[in-house]
Amino acid sequence: MTASPAEQHVSPAEKTGARTAEAADVITGARERIDALDDRIIGLIQERMAVSAVIQEARITSGGRRVNLSREMEVLGHYSGALGRPGTSLAMTLLELCRGRI
């Protein structure tokens with residue numbers, strides 16, 4: 001991705017909001033790490049979605065329901081216990097991505 005002409009003239013300090021070049025370097029490096037972590041998280045979510053599809057197919061094929069609410073409550077509890085209230089929201093989003101809306 002090529003920067004626009006206006007972006008080419010922006011200093012690293014201006015781009016990061018830092019007041020010093022040293023802080024801009026720290027922020028730039030940390031942002032690169034966050035971007036790499038985000039790529040891994042997205043990959044894991046996609047893998048989770050694929051595994052969930054296998055589970056749903058097996059459940060439906062065996063005559064069961066598409067969604068197992070007791071299992072979803074376990075997942076919600078796990079995320080909530082690990083991450084607090086925002087974990088519940090994150091788990092709800094993951095569940096929706098993996099099984100669709102109910």
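A residue counts as buried when its relative accessible area is under 20%, as exposed when it is over 50%, and as partly exposed in between, with a 1.4 Å probe and protein chains only. The model shown is predicted, so local features need pLDDT of at least 70 and side-chain atom pairs count only at pLDDT 80 or more, while totals for chains, interfaces and linings use all residues. Residues are numbered from 1 along each chain as its sequence is written, and side-chain values use heavy atoms, with hydrogens and water left out.

**View 1. The protein chain as a whole, with five helices and zero strands.** Helices (H or I, at least four residues) and strands (E, at least two) are DSSP runs numbered from the N terminus, and read in that direction the elements run α-α-α-α-α. The C-alpha trace spans about 60 × 30 × 20 Å along its principal axes. The radius of gyration, taken over C-alpha atoms, is 21 Å, whereas a compact globule of 102 residues would have one near 13 Å, by a rule of 2.2 Å times the number of residues to the power 0.38. Of the 102 residues, 15% count as buried. Among contacts (heavy atoms within 4.5 Å) with a separation of 6 or more, 38% join residues 24 or more positions apart.

**View 2. The salt bridge between Arg-71 and Glu-74.** Side chains of opposite charge can pair when their charged atoms come close. A salt bridge here is a side-chain nitrogen of Lys or Arg within 4 Å of a carboxyl oxygen of Asp or Glu, and a search of the whole structure finds three of them. In the pair shown, the closest N and O atoms of Arg-71 and Glu-74 are 3.1 Å apart. Both residues belong to helix H4 (residues 69-83), where a spacing of three residues separates them by about one helical turn. Arg-71 is partly exposed, its relative accessible area being 46%.

**View 3. The salt bridge between Glu-72 and Arg-99.** The side chains meet at 2.7 Å, N to O, and the pair links distant parts of the chain, with Glu-72 in helix H4 and Arg-99 in helix H5 (residues 85-99), 27 residues apart. Glu-72 counts as buried, at 11% relative accessibility, and Arg-99 is likewise buried, with a relative accessible area of 11%.

**View 4. The salt bridge between Arg-101 and Glu-96.** A nitrogen and an oxygen of these two side chains lie 3.3 Å apart. Arg-101 counts as exposed, at 69% relative accessibility, whereas Glu-96, whose place is in helix H5, counts as partly exposed at 34%. A second distance can be followed from Glu-96, as its C-alpha atom is separated by 42 Å from that of His-9, which is 87 residues away along the chain.

**View 5. The largest pocket, lined by 15 residues.** On a 1 Å grid over the protein atoms alone, a pocket is an open set of points where a 1.4 Å probe fits, with protein on both sides within 12 Å along at least five of seven lines, and lining residues have an atom within 4 Å of a point. About 290 Å³ of space lies in this pocket, and the residues nearest its centre are Arg-48, Ser-52, Ile-55, Arg-71 and Leu-95. Helices H3 (21-61), H4 and H5 each give two or more residues to the lining, and H3 gives the most, with six. By class, the lining has six nonpolar, three polar and six charged residues, where Ala, Val, Leu, Ile, Met, Phe, Trp, Tyr, Cys and Pro count as nonpolar, Asp, Glu, Lys and Arg as charged, and the others, Gly among them, as polar.

**View 6. Ser-80 and its surroundings in helix H4.** Ser-80 counts as partly exposed, at 30% relative accessibility. When its neighbours within four places in sequence are left aside, Ser-80 is in contact with Gly-87 and Thr-88. The C-alpha atoms of Ser-80 and Ala-91, which are eleven residues apart along the chain, are separated by 8.0 Å.

Definitions and conventions. Grid points are joined across faces, edges and corners, and a volume is the space filled by probe spheres set on the points.
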